[in-house]
Amino acid sequence: MAKRIVTLPGDGIGPEIMAPTLSILRELGDFDFEEHLIGGAAIDACGVALSDETLAAARSADAVLLAAVGGPRWDSTDPQAPRPEQGLLGLRKGLGLYANLRPVRPLPALAEASPLRAQLIEGVDLLVVRELTGGIYFGEKRREADSASDLCIYSEAEIERIARSAFGLARAKVTSVDKANVLETSRLWREVVSRVHSEEFPHIALEHMLVDNAAMQLLAAPRHFDVILTENMFGDILSDEAAMLTGSIGMLPSASLGAGGPGLFEPVHGSAPDIAGRGLANPLAMFLSAALMLRLGLRMEAEAAAIESAVAGALDAGLRTSDLGGSATTAEATRAVLEGLMARKS
Ligand code: NAD
């Protein structure tokens, strides 16, 4: 039976990169795509960023593919106004997606596109494992007349399960990133990660690093890292920083997994309102997110590898969208990758 994939194009460049991704996937298999609204588009249509119907459809799918949400149209400092990001947070929470995986593997063809020297990023192959359903993004938020607060809270169980994901994915080393010199949640994080390590994964090396140092080391010595394990907000920031190792945020895919149900696969970048509607978006992070969906969500390794090698082949042949310093359009990038996929059949 065809796998059922819920697609959520969202806002801005979202629909422009989702449509070509479906054409890539159709080249590789028989999928049943079911499109739903999320983010600003859903706010406009039904007043909320994630409707019960969309969440129910996502829950019963084999996998969920999302492009991006948000845009200036829905920006507001009114705490009561619905926000597009509520769609993302609601989906992550509603599907129990506590592990966000962001592989960062700069392709040789793009060595010159990174603002870092090619010799620094050569051989970088790291994975950011970010806790996704706890911490300050989900703690109680309060607004008083002249002050505001966001509660950061983590339970031992939340830290244990994300630590297990990270150690299970590591080849040799986990760098656990926290701010244990200042934050109590970080001191608990350090204790629990150390315990999971010594009891269950003693064969993997573990180091602890403060988040400010980690931000620096990511640029100074990115090859130092294998798996970076960190909490929600630190992971959000560090993985965008790590994206620049690949040359552009338009290159970075992500997977969010929970305990059993469907995974959510989406590019790390946002809805890029500054270039939306002009056919200029780089669709490669979205294609690579579809590859992660095939590999981790649908166990279709050969098809996942086919997308990744078609993307690498297109870049080797000189494909560069504007974010990579070139002038290729979304349509040209799609054509180049589709041609690579078709060539593998002949
Ligand atoms: P952004 O990632 O949308 O854009 C940052 C810069 O990178 C922009 O100059 C943009 O043009 C460029 N860029 C991003 N993706 C690109 C691509 N595929 N091809 C070419 N260039 C690309 O981040 P932002 O500008 O801070 O946020 C814009 C909106 O997106 C906001 O509303 C924000 O809340 C939202 N956002 C959504 C997500 C998500 O859906 N997961 C993530 C981050 C930001």
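**Close-up views of a predicted model**

**Figure 1. Polar contacts to the ligand.** In this predicted model, a polar side-chain atom of Glu85 is placed 2.7 Å from an oxygen atom of the ligand. The side chain of Asp274 also approaches the ligand, with an N or O atom 2.8 Å from a ligand oxygen atom. Gly71 contributes through its backbone, from which an N or O atom lies 3.0 Å from an oxygen atom of the ligand. The ligand taken alone exposes 800 Å², of which the protein buries 69%.

**Figure 2. The shell of residues around the ligand.** The ligand is surrounded by 21 residues. Those that come nearest are Glu85, Gly270, Ala272, Asp274 and Asn282. Sorted by class, the shell comprises ten nonpolar, seven polar and four charged residues.

**Figure 3. Ala272 and its backbone conformation.** Ala272 belongs to the loop between β12 (263-267) and α10 (284-297), and is one of the residues that come nearest to the ligand. Most residues other than glycine have a negative phi. Ala272, although not a glycine, has a positive phi of about 40 degrees. Its relative accessible area is 22%; because buried means under 20% and exposed over 50%, Ala272 is classed as partly exposed.

**Figure 4. Arg299 in the loop between α10 and α11.** Arg299 is located in the loop that lies between α10 and α11. Its phi is positive, near 55 degrees, in a residue other than glycine. With a relative accessibility of 67%, Arg299 counts as exposed, because the cut-off for that class is over 50%.

**Figure 5. Ala328 and its contacts.** Ala328 sits in the loop between α11 (301-316) and α12 (330-345). Its relative accessibility is 11%, and Ala328 therefore counts as buried, the limit being under 20%. Apart from neighbours within four places in sequence, Ala328 is in contact with Leu319, Arg320, Thr321 and Ser322. Between Ala328 and Ala281 the C-alpha to C-alpha separation is 9.3 Å, while 47 residues separate them in sequence.

**Figure 6. Strand β5 between β4 and β10.** Strand β5 (residues 126-131) is mostly covered, and six of its six residues are buried. In a regular strand the side chains alternate between the two faces of the sheet. Leu126, Val128 and Arg130 point one way from β5, whereas Leu127, Val129 and Glu131 point the other way, and all are buried. Strand β4 (residues 99-104) runs antiparallel to β5 and is joined to it by six bridges; in this pairing, Asn100 stands opposite Arg130. Strand β10 (residues 227-230) runs parallel to β5, with four bridges joining the two strands. In that pairing, Val128 of β5 is opposite Ile228 of β10.

**Figure 7. The enclosed strand β8 and its partner β9.** Strand β8 (residues 173-178) is largely enclosed by the rest of the structure, because six of its six residues are buried. Both faces are covered: one side carries Lys173, Thr175 and Val177, and the other carries Val174, Ser176 and Asp178, all of them buried. β8 pairs with strand β9 (residues 205-210) in the parallel sense, over six bridges. Within this pairing, Val177 stands opposite Met209 of β9.

Conventions. Residues numbered from 1 in each chain as written. Predicted model: local features only at pLDDT ≥ 70, side-chain atom pairs only at ≥ 80, totals over all residues. Heavy atoms only, no water. Near = heavy atom within 4 Å. Polar contact = N/O pair within 3.5 Å; in protein donor to acceptor, adjacent residues only side chain to side chain. Areas by Shrake-Rupley, 256 points an atom, 1.4 Å probe, with all protein chains shown as cover. Nonpolar A, V, L, I, M, F, W, Y, C, P; charged D, E, K, R; others polar. Buried < 20%, exposed > 50% of the residue type's maximum accessible area, 1.4 Å probe, protein only. Contact = heavy atoms within 4.5 Å. Pairing = 2+ DSSP bridges.
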